[in-house]
Amino acid sequence: VCRKRERRCRSGGGRDLCREMNETVHTILLTGGIGSGKSSVRGVFESLGIPCYDADAAVKSFYKDHGDGPCLLPDIEALVGRSLRGEDGQLDRKAFAGIIFKDKNLLRRVEEMVFPALTQDFISWRKKMASEGHRTVVLESATALDKPDFEKVWDFCLWVDAPVEIRIERVMQRDHCSREEVLRRLDLQSPMESHLDAIDRIIPNSGTPEELKRSIKQSCKIVF
C-alpha cells in the first residue's frame, strides 16, 4: 500500500503524478469506516492550514432550500412522487431514509442525482481554494470509494482505521445508540480490504492526538 505511489511516480508511465502535484492543487481523499475517526484526522489537517471539504455536510446542504450548493430536494420529491418535507419545510430525514433504503433501484436513482452534483460542487470549491493560493486540499467522504457516480477527483487516498471495538464504542457515545445498531451500520459498509488497490496510506487512529498527528505527517511527507 505505502509503495504504490512511489512506483507510479518513478515509472513515468501514465500520469506523471509527481509533476502534477507540483503544478496543480493536490487533492487528498480522507475516508474510512464509521467510527474510525475521520473528523479527528480532518481536524489535524485544518490545524495545519489545509482546507477541508466535508462531503457529507455538503450533501445535506443539497437537501435544503437555502443551502450553499444546488437544491436537489424538489427533483428528489418528483422522483419519489411525494413530499419529503417536515413541518419546518425542510427534508424529513427519517421519512426519506425509510423510503430510499427499502428500494435499491430508487436509492440508485437518487445517487445518480446526488454524486455528480457533489463532484461539481467540490470542483468549484477546489478552484476557489486554488485562487486563494492553496496547493493542497482534503476531501472527506465516507463513501467515495463505494460510489461509481462519485467521479475520482483526488490524487491520494488516506484510509483512517481503528480496532472494531474502539469504533463501536465511539459511535455508541457519539450517536447515543445501541451496540446492535452500530453493528448493523458496520455491516452495511464495505471493509478496508475491499479497497486496498485504491488506498495509498492507512492512518491508524487508536492512540493519542499527538500520535495521530505524527502518523499523519509521516504518511503524508509528500504534502508536508
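**Sheet and salt bridges**

Reader: Let's start in the middle of things: over how many bridges do strand β1 and strand β4 pair?
Author: Keep in mind that this is a predicted model. Strand β1 covers residues 26-32 and strand β4 covers residues 156-161. Leu29 sits opposite Cys157 in β4. The two strands run in the parallel sense, and their pairing spans five bridges.

Reader: Okay, so which strands stand at the edges of the sheet?
Author: The sheet is open and has five strands, ordered β2-β3-β1-β4-β5, with parallel pairing. An edge strand here has a single partner, so one side of it is left without a neighbour in the sheet. That description fits β2 (52-54) and β5 (201-204).

Reader: And what does the twist average from one strand to the next?
Author: Picture the sheet in its order β2-β3-β1-β4-β5. Going from one strand to the next, the average twist is 25°.

Reader: Which helix lies across β2 and β3, and at about what angle does it run to β2?
Author: Here β3 is residues 136-140, and the helix in question spans residues 55-62. That makes it helix α4, and its angle to β2 is about 50°.

Reader: What about helix α10, then: what angle does its direction make with that of β5?
Author: Helix α10 takes in residues 209-219 and packs on the sheet. The strands touched by helix α10 are β4 and β5. Its direction and that of β5 make an angle of about 170°.

Reader: Now the charges. How many residues apart in sequence are the parts tied together by Glu140 and Arg42?
Author: These two form a salt bridge, with the closest N and O atoms 2.6 Å apart. Glu140 is in strand β3 while Arg42 is in helix α3 (residues 38-47), so the pair links parts whose separation in sequence is 98 residues.

Reader: Is Arg42 buried or exposed?
Author: Buried means under 20% relative accessible area. Arg42 comes in at 17%, and its partner Glu140 has 7% and is buried. For Arg42, then, the verdict is buried.

Reader: Lys147 meets Glu111 in a salt bridge too, so where does Lys147 lie?
Author: N to O, that salt bridge is 2.6 Å. Glu111 is buried at 14%, whereas Lys147 is partly exposed at 21%. Glu111 belongs to helix α7 (residues 104-131), and Lys147 lies in the loop between β3 and β4.

Reader: Last one: which residues do salt bridges that share partners join into one network?
Author: The count of salt bridges comes to 10. Among them is the one between Glu140 and Arg42. Through shared partners, the network joins Arg42, Glu46, Asp54 and Glu140.

Definitions and conventions. Residues numbered from 1 in each chain as written. Predicted model: local features only at pLDDT ≥ 70, side-chain atom pairs only at ≥ 80, totals over all residues. Heavy atoms only, no water. Pairing = 2+ DSSP bridges. Helix = DSSP H or I, 4+ residues; strand = E, 2+ residues; numbered from the N terminus. Axes fitted to C-alpha atoms, helices over the stretch in contact; angles between N-to-C directions. Contact = heavy atoms within 4.5 Å. Salt bridge = Lys/Arg side-chain N within 4 Å of Asp/Glu carboxyl O. Buried < 20%, exposed > 50% of the residue type's maximum accessible area, 1.4 Å probe, protein only.
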